[in-house]
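Q: I'm new to this one and would like a close look at a single part of it. Could you take me through the nonpolar core, and then show me the charged side chains around the same helices?

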Amino acid sequence: MAASSHARFDELWAHHRELLAFIRRRTEPDIAEDVLAETYLVAWRRIDEVPSEERPWLFTVARNIIRNNYRAAARRRDTAVRIAEGIVPDDGIEGAIATRADLVTAWKRLTAGEQEVLGMVAWDDLSHREAAQVLSISSSAFAVRLFRARRRLLHLIEHGRGETT
């Protein structure tokens with residue numbers, strides 16, 4: 001990038017303290033600086049597109065990053081619920097609430113590998129063949145891993161309710 005790009009970035013950086021304060025009011029303290037860094041990364045990549053009124057533009061970029069982070073966190077939290085579709089029977093509203101709580105607890109107790117295979121099918125909507133390719137294993141090996149992960153998830157859900165298998 002040209003020297004003028006560096007000078008323009010310096011102009012943008014002049015807003016970093018007030019931008020960080022804006023971000024801190026809207027996020028958890030431990031991610032505020034990451035959002036700030038990501039905001040300035042976007043600014044650097046789009047340095048030629050930054051309007052002359054850069055302050056509101058920077059705040060908009062930061063706000064969009066925060067919103068994307070919240071959406072991603074919500075998707076991760078909801079993954080367990082989506083995975084359980086078809087596994088856990090619907091017991092009405094109270095049963096569904098209890099089931100979701102049991103599911104979230106059980107999901108957290110799964111290994112990373114179990115979460116990965118379940119997520120590939122339930123969240124990423126990959127076929128067994130596609131998921132097997134991603135993991136560089138055979139389709140039958142993936143099917144076995146998925147079966148075991150589903151069985152363990154169901155066991156953990158039932159165990160969380162005080163039931164036995």
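A: Let's start with the core. Of the 20 residues in the largest nonpolar core, the ones touching the most other members are L12, L19, I23, Y40 and L58. Helices α1 (3-13), α2 (16-24), α3 (32-45) and α4 each bring at least two residues to this core. The biggest share comes from α4, which gives 7 residues. As a bit of background, nonpolar side chains in soluble globular proteins tend to be buried together.

Keep in mind that you're looking at a predicted model. For the wider setting, the protein has 8 helices and 0 strands, and 35% of its 165 residues count as buried.

Now for the charged side chains. In general, side chains of opposite charge can pair when their charged atoms come close. The whole structure holds 6 salt bridges. One of them sits in α1, where the side chains of E11 and R8 meet, 2.9 Å from N to O. Both residues lie in that helix, 3 residues apart, or about one turn. Their exposure is worth a look: R8 counts as buried because its relative accessible area is 15%, under the 20% cut-off. E11, at 42% relative accessibility, is partly exposed.

Another salt bridge joins R55 and E18, with the closest N and O atoms 2.5 Å apart. This pair links distant parts of the chain, since R55 is in helix α4 and E18 in helix α2, 37 residues apart. Both ends are partly exposed: R55 has 41% relative accessibility, and E18 has a relative accessible area of 31%.

Next, E33 and R24 meet through their side chains in a salt bridge of 3.5 Å, N to O. There's also a network, in which salt bridges with shared partners join R8, E11 and E54. As for R24, its 47% relative accessibility makes it partly exposed.

Finally, look at the surface, where like charges gather. A patch of positive charge is made up of R25, R26, R63, R67, R71 and R75. Of these, R75 lies in helix α4 (residues 54-84), and its relative accessible area of 39% makes it partly exposed. A patch of negative charge brings together E28, D30, D34 and E38. D34 has its place in helix α3, and it counts as exposed because its relative accessibility is 53%, over the 50% cut-off.

Definitions and conventions
Residues numbered from 1 in each chain as written. Predicted model: local features only at pLDDT ≥ 70, side-chain atom pairs only at ≥ 80, totals over all residues. Heavy atoms only, no water. Patch = residues over 30% accessible without salt bridge, like charges linked within 9 Å, V, L, I, M, F, W, Y side chains within 5 Å. Areas by Shrake-Rupley, 256 points an atom, 1.4 Å probe, with all protein chains shown as cover. Salt bridge = Lys/Arg side-chain N within 4 Å of Asp/Glu carboxyl O. Lys, Arg positive; Asp, Glu negative; His and termini not counted. Charge placed at Lys NZ, Arg CZ, Asp CG, Glu CD. Helix = DSSP H or I, 4+ residues; strand = E, 2+ residues; numbered from the N terminus. Buried < 20%, exposed > 50% of the residue type's maximum accessible area, 1.4 Å probe, protein only. Core = buried A, V, L, I, M, F, W, Y, C linked by side-chain atoms within 4.5 Å.
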